[in-house]
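Here is a short report for a first look at a structure. Please read it with the sequence and the model side by side.

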Amino acid sequence: MKEFHYTIRDELGLHARPASLLVKKAGELSSRIVVVKKGRKVDARRLFGVMSLGIRCGDAIKFKLEGPKEEEEAELLKRFCENTF
Amino acid sequence: MKRLTGIGASRGVAIGKVHFIDNVVKRVECDTVVDTVLEMERFEEARLKAIEMLEELHQKAKNTVGPEESIIFEIHQLLLRDNDYVNSVHELIAKSHYSAAYAAQQTGERFAQMFSAMEDAYLRERSADMIDISSRVVRLLQGEAAYDVSQIKGQIIIAAKDLLPSETIQLDRDRVLGFVTSGGSQVSHSSILARTMGIPSVIGLGDQLAELVDGDMIVLDGFNGVLIANPPDKLLKDYHCKQAEYQLYRERLQTLKGVPSRTQDGVEIEIYGNIGHPSDVDSVLANDGQGVGLFRTEFLYMEYGGIPSEQTQFEAYRSVLERMNGRRVVVRTLDLGADKAAPGISLPAEENPALGYRALRICLKEQALFKTQLRALLRAALYGHLAIMFPMVISLDEIRQAKELVEVCREELEQEGIPYGDMELGIMIETPAAALLSDLFAPEVDFFSIGTNDLTQYTLAVDRMNMKVGDLYDPRNPAVLRLVQIAAESARRHGIWCGVCGESAADRRLTEHYLRMGVTELSVTPASILEMREKVLSINLSTEKEHFMSRV
């Protein structure tokens, strides 16, 4: 399993638009991806789940990836986060 | 005449007859079925049809409001494809034997409730999106057509309990002059769409809406969030003027691209944009900003999950300088504190972070951290017109220490044979101490940039995020303006330039005062650049005015 932390800097937090982009991105990757905020875990492929975390600007979230390509996909996902929110 | 007060969600004036539309979705009664398999198939069919309709809307919205705002209809499709949503409906059909319509309604309401219970105002508004998607499915299952706003006849102002985003996007701008609703908030998608489409609207009127009668002549004032029903002729005339003026104003702003920001008596003012990320340069350029007046560098520390290397920082600064192509870029050095933490820099919690270990105070203690940034800046200075400024200064000693460190970095680069460039060195005036001592600071630096947000907070001893005292926060308070005046005067006497980069730099009621004080640069959010240019063009500093400060 591969993990990394990310802090949201988008002023509106991980609201509908960025959340939908994340869900789409997660759908393109082969790893099982879990988003964790303050101990609550959701599947990164589920928009309701991601939106229901109510992630706001400045919140620190954790991504957990599991799968044969977890190393490289964690890098991809991290870069995606940096460019998106 | 009746006057109703709500929230102005989209600016502009609309004058016309009000027309109530009954777009409220009829609730379906609880109904059970025997053949659950058939019911699931019915749901699937309706769901796929709804996705198809949303795709059509999405394509249409792309043309009317552009890709940014139209994405909401793509999100609606994603929500309808989401497993959580689909499973919930399936379960209600399979286990409770609910009809497809009732199961879809229940699921929509359940999710809507989940969102409306959230702390975040933006996410709370997402409950409207939930209602929007499930009512579409419910209507399809009931064989009902959606309320068709595109069939509205004549020129009218729409009144409704609420407008769904999918209804707002279909409003025909030639026929719908504006809309008013009893519900809604500024951050709902309907409001965002209304602003992009340029449709004036007043929302959040609550029960007051019942005081209007279909066909009433109303004036909708989207600037002030006011509705006036059956206005007297005089008022109506005033509003017709206001409407025409605003229309001209919008058109005029677009013609100001490429025009110098010069007062009527020929004083050149620089209107810059504030940015928080290299990608924000796009909007500065799109709005014809003459430079970047505040480049916040905290993103570097937030984004890379640790302390960014000299090379990483150098590349970020260089990319902004290159894209600004010779126009001035003012970088604010690291401005972190216990309330603005970054991963990788451990700052213990403080009782009073606003008065604590922050900004330049950290940089002067953590010299390695600061030097990395300074070296990256010196190297990037070769690629454009760079100015750097230190935040939270209160003493001459701090300025000298910071300058000394710049000098040390320069010597290091020299010895290492690494090329570097020249840059202007300035300070932010955001503490009363800095303003009061500005005559001593001015000979030490190349410029001042007044950060009115912090200056106001520290002068008035008011935390504006604190709901109980937030209303005392006022950048127009004479005490704050006196300090701005003192700093601008010191700058003028020592022949350095002075700008304003806080939010009040975009307060058009203060522009003339600032310019009369001697401020020559205003740095604002990129979307306000043209409005500020328009304001500067209207000012004449040569005419004798009652001296503003005499009243302060």
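In the hairpin of β7(B) and β8(B), which residue takes a positive phi? B:G225 does, with a value near 70 degrees, and 4 residues lie between the two strands.

This is a predicted model, in which local features need pLDDT of at least 70, side-chain atom pairs count only at pLDDT 80 or more, and totals for chains, interfaces and linings use all residues. Residues are numbered from 1 along each chain as its sequence is written, while chains are lettered from A and ligands numbered from 1 in the order in which they are written.

**The open sheet**

Helices (H or I, at least four residues) and strands (E, at least two) are DSSP runs, numbered from the N terminus. Strands pair if DSSP finds at least two bridges between them. An open sheet of 8 strands in chain B follows the order β1-β8-β7-β3-β4-β5-β6-β2, with mixed pairing. Its edge strands are β1 (2-5) and β2 (7-10) of chain B, each of which pairs on one side only. Neighbouring strands are turned by 30 degrees against each other on average, direction ignored. Such angles run from 0 to 180 degrees between N-to-C directions, with axes fitted as lines to C-alpha atoms, for helices over the stretch in contact.

Three strand pairs of this chain run antiparallel, as tabulated here.

| Strand pair | Bridges | Opposite residues |
|---|---|---|
| β3(B) and β7(B) | 5 bridges | B:K17 and B:M217 |
| β7(B) and β8(B) | 4 bridges | B:I218 and B:A229 |
| β2(B) and β6(B) | 3 bridges | B:G8 and B:V202 |

Helix α6 (residues 189-197) of chain B packs on the sheet and touches β2 and β6 of chain B. Its direction makes about 55 degrees with that of β2(B). α7(B) also packs on the sheet, touching β3, β7 and β8 of chain B. The direction of α7(B) makes about 115 degrees with that of β3(B).

Strand β7 (residues 217-221) of chain B is mostly covered, with 4 of its 5 residues buried. Buried means that 20 or more other C-beta atoms, placed from the backbone, lie within 10 Å of the residue's own.

**The barrel**

Chain B also holds a closed barrel of 8 strands, β9-β10-β11-β12-β13-β14-β15-β16, with parallel pairing. Here neighbouring strands are turned by 25 degrees against each other on average, direction ignored. Within the barrel, β11(B) and β12(B) are joined by 5 bridges. There B:V330 stands opposite B:A387 in β12(B).

Helix α19 (residues 529-537) of chain B has buried residues, among them B:I529, B:L530 and B:V536. The buried residues of α19(B) pack against α7, β9, α18 and β16 of chain B.

**A helix pair**

α2(B) and α3(B) pack at an angle of about 135 degrees, with their axes 9 Å apart. They are therefore oblique to each other, a term for angles that are not under 35, over 145 or from 65 to 115 degrees. The residues of this contact divide into 7 nonpolar, 3 polar and no charged.

**Where the chains meet**

The contact takes 23 residues from chain B and 19 residues from chain A. Residues are in contact if their C-beta atoms, placed from the backbone, lie within 7 Å. On the side of chain B that touches chain A, the largest share, 5 residues, comes from α1(B). By class, that side has 13 nonpolar, 2 polar and 8 charged residues. Ala, Val, Leu, Ile, Met, Phe, Trp, Tyr, Cys and Pro count as nonpolar, Asp, Glu, Lys and Arg as charged, and the others, Gly among them, as polar.

Conventions:
Two residues are in contact if their C-beta atoms, placed from the backbone, lie within 7 Å. A residue is buried if 20 or more other C-beta atoms lie within 10 Å of its own, exposed if 12 or fewer, and partly exposed in between; C-beta atoms are placed from the backbone.
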